[in-house]
Amino acid sequence: MATTTTSQGINAPENAEKRKEILKLLERAYWMEIESVMSYIANSVNPDGVRAQEIREALEEDIQDELGHAQRFAHRIKELYGVVPGSLDFQAEQTYLQPPEHQTDIVHVIKGVIEAEIGGIEHYNRIIEACDGVDWVTQDMTIDILRDEEGHKRLFEGFLREYEVEGRA
Ligand SMILES: [Fe+2]
Ligand SMILES: [Fe+2]
């Protein structure tokens with residue numbers, strides 16, 4: 001008969017390697033969220049024009065979502081006995097979300113947001129798969145976050161569609 005273990009699942013000693021792998025994925029997720037917060041703040045302020053208002057407001061809401069995601073990933077890193085990295089480890093990647101040449105270029109912003117969300121969706125699917133059968137809590141949390149990102153992507157695809165119909169995108 002098996003003896004009782006003090007730790008099961010992802011924090012069990014025999015899953016140390018897997019835990020390391022998941023921690024790496026979580027760190028990357030954390031930085032992706034942090035960068036989205038930065039990019040979305042800039043793009044919720046910079047755009048000019050009547051039609052920019054809708055985009056700015058949508059991004060303002062998303063900032064809070066992405067910030068919450070970053071916090072959830074950070075907490076999960078700690079729960080898995082990792083350490084949330086310091087700001088000096090940050091490396092920017094969102095080339096597509098830099099301010100456009102003209103601040104009325106809303107299509108640039110919309111496309112950039114969609115690309116950021118796709119990046120998140122791809123990475124979170126990777127996490128969900130890596131967790132399968134071994135870390136249900138990270139998996140459950142990431143599925144929840146993935147749903148938010150799919151919602152963000154869908155919203156901005158709708159914005160883009162409007163511009164496409166008018167031949168502006
Ligand atoms: Fe997010
Ligand atoms: Fe998002």
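**A two-iron site in a predicted model**

Glu-66 forms a bridge between the iron ion (ligand 2) and the iron ion (ligand 1), the two ions lying 3.9 Å apart. The model is a predicted one, and this pair of ions makes a convenient place to begin.

At the iron ion (ligand 1), the protein donors are Glu-33, through two OE atoms, together with Glu-66 (OE), His-69 (ND1) and Glu-149 (OE), at 1.9 to 2.3 Å from the ion. Along the chain these donors follow the spacing E-x32-E-x2-H-x79-E. The site draws on distant parts of the chain, with Glu-66 in helix α2 and Glu-149 in helix α4, 83 residues apart. Glu-66 counts as buried because its relative accessibility is 1%, below the 20% limit used for that class. Glu-149 is likewise classed as buried, at 3% relative accessibility.

The iron ion (ligand 2) has as its protein donors Glu-66 (OE), two OE atoms of Glu-117, Glu-149 (OE) and His-152 (ND1), lying 2.0 to 2.3 Å from the ion. Here the donor residues are spaced E-x50-E-x31-E-x2-H in sequence. Helix α4 (residues 136-165) carries both Glu-149 and His-152, which sit three residues apart, or about one turn of the helix. Both of these residues are buried.

Glu-33 deserves a closer look. This residue belongs to helix α1 (residues 16-45). Glu-33 is buried but takes part in no salt bridge, and the nearest side chain of opposite charge, that of Arg-72, is 9.3 Å away. Beyond its neighbours within four places in sequence, Glu-33 is in contact with Glu-66, His-69, Ala-70, Phe-73, Tyr-124, Ile-145 and Glu-149. Among these contacts, Glu-66, His-69 and Glu-149 are also donors to the iron ion (ligand 1).

Turning to the pockets, the largest has a volume of about 300 Å³. Its lining comprises 20 residues, of which Arg-28, Met-32, Glu-35, Glu-93 and Gln-94 are the closest to the centre. Helices α1 and α3 (106-131) are the elements that give two or more residues to this lining.

A backbone detail completes the description. Most residues other than glycine have a negative phi. Tyr-81, although not a glycine, has a positive phi of about 65°. Tyr-81 is found in the loop between α2 (52-79) and α3. With a relative accessible area of 65%, Tyr-81 is exposed.

Technical notes
Residues numbered from 1 in each chain as written. Chains lettered and ligands numbered in written order. Predicted model: local features only at pLDDT ≥ 70, side-chain atom pairs only at ≥ 80, totals over all residues. Heavy atoms only, no water. Helix = DSSP H or I, 4+ residues; strand = E, 2+ residues; numbered from the N terminus. Buried < 20%, exposed > 50% of the residue type's maximum accessible area, 1.4 Å probe, protein only. Lys, Arg positive; Asp, Glu negative; His and termini not counted. Salt bridge = Lys/Arg side-chain N within 4 Å of Asp/Glu carboxyl O. Contact = heavy atoms within 4.5 Å. Donors = N, O, S within 2.8 Å, 3.2 Å for Na, K, Ca; no water. 1 Å grid on protein atoms, 1.4 Å probe; cavity = no way out; pocket = protein on both sides within 12 Å on 5 of 7 lines; lining within 4 Å. Points joined across faces, edges and corners; volume = space filled by probe spheres on them.
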